[in-house]
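Visitor: Walk me through the spaces and the ligand site in this model. I want the reasoning behind each label.

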Amino acid sequence: MRLIDETGAVVADDPPLPAPEVLLEGYRGLVFARRLNDQAGALVRQGRLAVYPSSHGQEACQVAAAAVLAETDWLFPTYRDVAAIAARGVDPLDVLVMLGGDWHCGYDPVATRVAPQATPLATQLPHAVGVGHAARLKGEDTVVMALCGDGATSEGDFHEALNFAAVFASPVVFLVQNNKYAISVPLARQSAAESLAAKGVGYGVPAVRVDGNDLAALIVVLTEAVARARRGEGPTLVEADTYRIQAHTNADDPSRYRTEAEVDEWRPRDPLLRMRAHLVATGVLTPEREAELAAAAEEMAAHVRAGMGRESAPDPAELFAHVYSTPTPQLREQAALLAAELNEVQA
Amino acid sequence: MIQALNRALHDAMAADDSVVVFGEDVGPLGGVFRVTDGLTAAFGEQRCFDTPLAESGIVGMAVGMAMNGMRPVVEMQFDAFAYPAFEQIVSHVAKLGNRTRGRVRLPMVIRVPYGGGIGGVEHHCDSSEAYYAHTPGLLVVTPATNTDAYGLLRAAIEHPDPVVFLEPKRQYFTREELDAGPVPPIGRSVVRREGRDATLIAYGPSVPVALAAAEHGAAEGRDLAVVDLRSIVPFDDETVTAAVRRTGRAVVVAEAPGFASVASEIAARVSERCFHYLEAPVRRVTGFDVPYPPPKLEQHHLPGVDRILDAVDDLQWEEA
Ligand SMILES: Cc1ncc(C[n+]2csc(CCOP(=O)(O)OP(=O)(O)O)c2C)c(N)n1
């Protein structure tokens, strides 16, 4: 589905576009997400961030995923979804803790209702079903937004999760960001199905394909999927058709598996340019508003730079602190050994 | 033991609404071993239910439910059928607490009927404890008596951390009254039999075998102590060390293949802690390092009384 085309023109009026305020707020999210991607890329180049999987070009998916959730809903992100987590309201510095190497998860998943970023592919999807199922048993109307990539749809857990969610009518929205590559492996080698959305059919899960660079269409589709889940009508599979403009991570060399011409075809379909063109044409985005947004995004980037510049050294004793709710005798011994070694080094 | 486990599940569900039981065939059928018999009838299908046939999905869903305030108890139908869920168990069940600096705890139990000696076909007799024990973040518990089966399962369900609860299939059909004593805390081993000459260290299905060996040993003039670990993780060094120091000799008995096993770990720990008390190297009597054999050969694989007593005889006794 598509509502706004690459020039910013409205190409469909059923379903209706989201309200201008919603689109403007979404555009703010896109600007912030792009700025965050750029900033993180710079931090990688400066060696202050170990690794960063950019979502440049996919920001609309990430912003929409967060925008359609209520505060009590849950987001289950992957490693690539830093922008989605930030759009959910988590301080980017806390999100970057993982990629910076300080700890595996830098925010409180329960307080933020954002699960830890998943690095194994698709394993978070059954968790999302479990959170949704528990919510239903407890009588809460919580909805869970579960994100994954096109490659992850080949993993067993994707299929198990979809099947479980359908059988238990779990309130889960599965959003596949089909960015065309799993590292170097193209979609055609990932699946012979006519679309990834088609995979919903076999499980009895309604599925929608949406232009993943069209923020308006994403918001409409995901809003309806969330509403369905909240009404107790079960899961929806959404395939967002998008493209990863940058490398998989800084360690990747995309020239080995795709041409620059292919990337160039996608550049004009940029989700930011498209929404901007639409909002300017409809008079919603004034030059003053645009300047305000840019300044606010710049402030966020400065906050990230300052935070990442600080020397951070996790306390080695923490190695043993969280393995169990109370350390085993064996862990207490090992903690004492490390403490003694550290004391010796200091002395 | 089946009745003891069933009662533990029943009592835990009655005591705490957040306890839910699910897996393959655990609903109206009551599980292929009937451990969950009657739970759906008693508590409804919201609390005890069948899932699609997918172990990774079962464990993964339990993770999410535990994240969201419930206490799932899931059943893996047989030891080797837990392997499709291995990724969930080692990468998430074991690590979410640590990953989130303790902000997410997973109070969940993974029940695994394990071990051989029942004449089962392939994939129905594995001893998988080393995989779990090797993974930091999991508690690994295995009862050898019906009383412990009840008490340890209650304790496992109440525990804030994930527990891999290994049920020795071989003892499923033993009948013995439950002692209505206090629930044993997870992590404490017990001396099942005192003895002066050597200590047999065993757990789960090997405990009755070790006790039988001690009986026979007594007839041959060897006074053997038997320690039942009950908990593999955490490991009760205190009880094991004290027992071995009293006897100066030790044999570890387990039916899993011995190479890189829980038995190896115990032998190493005992050697480190009891070196000056030991009269002989610690011996291991384990299954062979082979895939679990077909039923007609399993009696050759499993440590039996004779093999245990031969190992005891090897402990460098001075000729009288
Ligand atoms: C289970 C598993 N296997 C392999 C990997 C290594 N790996 C990391 S990202 C990736 C590609 C994933 O592609 P996709 O799901 O399309 O997500 P994208 O990176 O495009 O967002 C692979 C193979 C992994 N993280 N997990």
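Guide: Start with residue classes. Ala, Val, Leu, Ile, Met, Phe, Trp, Tyr, Cys and Pro count as nonpolar, Asp, Glu, Lys and Arg as charged, and the others, Gly among them, as polar. By that rule, the lining of the largest cavity divides into 7 nonpolar, 5 polar and 1 charged. Keep in mind that this is a predicted model.

Visitor: What makes the ipTM and pTM worth quoting, and what are they?

Guide: The model scores ipTM 0.88 and pTM 0.93. For chain B, the mean pLDDT is 96, and 99% of the residues reach 70 or more.

Visitor: Why is the space of about 90 Å³ called a cavity?

Guide: A cavity is a set of points where a 1.4 Å probe fits but cannot get out. The search of the whole structure finds 2 cavities of 30 Å³ or more. The largest has a volume of about 90 Å³, so it passes that cut-off. Of its 13 lining residues, the closest to the centre are Pro116(A), Gln124(A), His127(A), His92(B) and Arg99(B). α6 (124-137) of chain A and α5 (96-99) of chain B each supply at least two lining residues.

Visitor: What lines the second largest cavity?

Guide: The lining includes Val323(A), Val93(B), Asp161(B) and Pro162(B). About 50 Å³ of space lies in this cavity. By class, its lining has 6 nonpolar, 2 polar and 2 charged residues.

Visitor: Which residues lie closest to the centre of the largest pocket?

Guide: They are Ala133(B), His134(B), Val233(B), Glu265(B) and Arg269(B), out of 19 lining residues. The pocket has a volume of about 580 Å³. Elements giving two or more residues to its lining are α14 (329-346) of chain A, with α6 (129-133), β10 (231-233) and α10 (262-274) of chain B. The lining has 11 nonpolar, 6 polar and 2 charged residues.

Visitor: How do you know that Arg80(A) makes a polar contact with the ligand?

Guide: A polar contact needs a pair of N or O atoms within 3.5 Å. A polar side-chain atom of Arg80(A) lies 2.7 Å from a ligand oxygen, so the pair qualifies. Ala152(A) qualifies through a polar backbone atom, 2.9 Å from a ligand oxygen. Tyr181(A) has a backbone N or O atom 2.9 Å from a ligand oxygen. Taken alone, the ligand exposes 590 Å², and the protein buries 71% of that.

Visitor: Which residues come nearest to the ligand?

Guide: Tyr79(A), Arg80(A), Thr119(A), Gly151(A) and Ala152(A), of the 15 around it. By class, that shell has 7 nonpolar, 5 polar and 3 charged residues.

Key: Residues numbered from 1 in each chain as written. Chains lettered and ligands numbered in written order. Predicted model: local features only at pLDDT ≥ 70, side-chain atom pairs only at ≥ 80, totals over all residues. Heavy atoms only, no water. pLDDT = per-residue confidence, 0-100. Near = heavy atom within 4 Å. Polar contact = N/O pair within 3.5 Å; in protein donor to acceptor, adjacent residues only side chain to side chain. Areas by Shrake-Rupley, 256 points an atom, 1.4 Å probe, with all protein chains shown as cover. 1 Å grid on protein atoms, 1.4 Å probe; cavity = no way out; pocket = protein on both sides within 12 Å on 5 of 7 lines; lining within 4 Å. Points joined across faces, edges and corners; volume = space filled by probe spheres on them. Helix = DSSP H or I, 4+ residues; strand = E, 2+ residues; numbered from the N terminus.
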